[in-house]
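Got your viewer open and a selection box ready? Let's walk through this one stop by stop.

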Amino acid sequence: MPATNNNQLGTYLKDRRGKLDPTAFGFSLTRRRTPGLRREEVAQRANVSPTWYTWLEQGRGGAPSAEVLERIAGALMLTTVEREHLFLLALGRPPEVRYQAGEGISPRLQRVLDALAFSPAFVKTCTWDIVAWNRAASAVFDYGSLLPGQLNILRRIFLDPETRAAQLDWESVARLVVAVFRADATRAGAVKNIEALVDELCRQSPEFAAMWRDNDVRAHGEGIKSLKHPQAGLIAMEFSSFAVDGRPDLSMVVYNPATPTDYEKVRAIIEAGSEAVR
């Protein structure tokens, strides 16, 4: 490929079809001068005219519609990442999100959590269910003692009196959680998937219902969380939120003690929990 390429979309399409095995799609191998599918075969699979597809590869005829791009992505058997790349080249934007809830996390990601010995960290879904955490998070936030239905941050914030009492400024925390929750679900294409949880919280918490009606959206990003721990007292922690590459349904949140004093408090909580286990 030359250093400068004014037809990146055409080059990408040609490369992708060149890597496909014609026999896997029922096409004959006879009279082929180049590997992969022919243009007319891709057009047939995508249900578009061969002339139009040829023009697309040649950079003629303008931008295709999202619907046609979806058919071409299917015709070329593109992966999720390849499909996104196709849309970015053709339209300058990613495709519409397809929400797919995964099962848990990979062992490698769990090892990342476990390596953060004195930084409470967890992985949550876009519906704000906690699906993984480390020993520090179990000690500071008491995740290890909770049943699966209780491992939802919104239920804890709005329906659990102990969690509410632990917040230094409950209303600010609650408003942030609701606004980020709404943005997360929309970004992941999970608006339909959160309807049952939203209905449940609206019925059981007038405060949630009022905040939900505000339609606020915010990014989680980073900030300071002040927690009133029953044994250690007030603890300040800096938090940062990270996307999990390849899993748009997940994000990882890491809390770091804000000061040396806070670090000692977190360490004492973790060590006390270890002693209790022994």
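What follows is a tour of helix packing, two pockets and a handful of loop residues.

Before you start clicking, keep in mind that this is a predicted model.

**Stop 1: helix α2 and its two partners**

Select residues 39-46, which form helix α2, and then add residues 66-75, helix α4. The axes of α2 and α4 are 8 Å apart, and the angle between the two helices is about 115 degrees. Turn the view until you can follow the crossing, which is right-handed. Show side chains next: α2 brings Val42, Arg45 and Ala46 to this contact, while α4 brings Arg71, Ile72, Gly74 and Ala75. Colour them by class and you get four nonpolar residues, one polar and two charged.

Keep α2 on screen, hide α4, and select residues 50-58 for helix α3. At what angle do α2 and α3 cross? Roughly 115 degrees, with axes that come within 8 Å. The handedness here is right-handed. From α2, pick Arg39, Glu40, Val42 and Ala43; from α3, pick Pro50, Tyr53, Thr54, Glu57 and Gln58. Sorted by class, the α2–α3 contact has four nonpolar, two polar and three charged residues. Val42 is worth a label: it appears in the contact with α4 and also in the one with α3.

**Stop 2: the largest pocket**

Rolling a probe the size of a water molecule over the atoms shows where empty space is left. For the largest pocket, that comes to a volume of about 1100 Å³. To centre your view, select Val140, Phe141, Asp142, Arg156 and Leu227, the closest to the middle of the pocket among its 45 lining residues.

Now bring in the secondary structure around it. At least two lining residues come from each of α7 (135-141), α8 (153-159), α9 (161-165), α10 (170-187), β3 (222-229) and α13 (260-277). Which element gives the most to this lining? That's α13, with seven residues. Colour the lining by class and you'll have 25 nonpolar, eleven polar and nine charged residues.

**Stop 3: the second largest pocket**

The second largest pocket has a volume of about 990 Å³. Go for Val97, Gly246, Arg247, Pro248 and Asp249: of the 34 lining residues, these are the closest to the centre. Then switch on α5 (80-91), β1 (121-125), α10, β4 (233-244) and β5 (247-257), each of which supplies at least two residues of the lining. The largest share is five residues, and β5 provides it. The class count here is 15 nonpolar, nine polar and ten charged. Leave α10 coloured for a moment, as it helps line the largest pocket as well as this second one.

**Stop 4: two residues with positive phi**

Pull up your backbone torsions and select Met77, in the loop between α4 and α5. Its phi is near 55 degrees, a positive value in a residue other than glycine. Is Met77 buried or exposed? Exposed, because its relative accessible area is 52% and the cut-off is over 50%.

Next, jump to Trp128, in the loop between β1 and β2 (130-133). Phi of Trp128 is also positive, near 65 degrees, and this residue is not a glycine either. Trp128 has 3% relative accessibility, so it counts as buried.

**Stop 5: three more loop residues**

Stay in the loop between β1 and β2 and select Asp129. At 27% relative accessibility, Asp129 is partly exposed. Draw a C-alpha distance to Leu151: the two are 22 residues apart in sequence but 5.7 Å apart in space. Beyond its neighbours within four places in sequence, Asp129 contacts Val123, Lys124, Leu151, Asn152 and Arg155.

Then move to Pro94, between α5 and α6 (107-115). Pro94 is partly exposed, at 43% relative accessibility. Setting aside neighbours within four places in sequence, Pro94 is in contact with Glu84, Phe87 and Leu88. Another distance to draw is Pro94 to Arg83, which gives 8.5 Å between C-alphas for residues eleven places apart in sequence.

Finish on Ser205, in the loop between α11 (195-204) and α12 (206-213). Its relative accessibility is 2%, so Ser205 counts as buried. Not counting residues up to four places away in sequence, Ser205 touches Phe158 and Leu159.

Conventions:
Residues numbered from 1 in each chain as written. Predicted model: local features only at pLDDT ≥ 70, side-chain atom pairs only at ≥ 80, totals over all residues. Heavy atoms only, no water. Axes fitted to C-alpha atoms, helices over the stretch in contact; angles between N-to-C directions. Helix = DSSP H or I, 4+ residues; strand = E, 2+ residues; numbered from the N terminus. Left-handed = near helix turned anticlockwise from the far one by under 90°. Contact = heavy atoms within 4.5 Å. Nonpolar A, V, L, I, M, F, W, Y, C, P; charged D, E, K, R; others polar. 1 Å grid on protein atoms, 1.4 Å probe; cavity = no way out; pocket = protein on both sides within 12 Å on 5 of 7 lines; lining within 4 Å. Points joined across faces, edges and corners; volume = space filled by probe spheres on them. Buried < 20%, exposed > 50% of the residue type's maximum accessible area, 1.4 Å probe, protein only.
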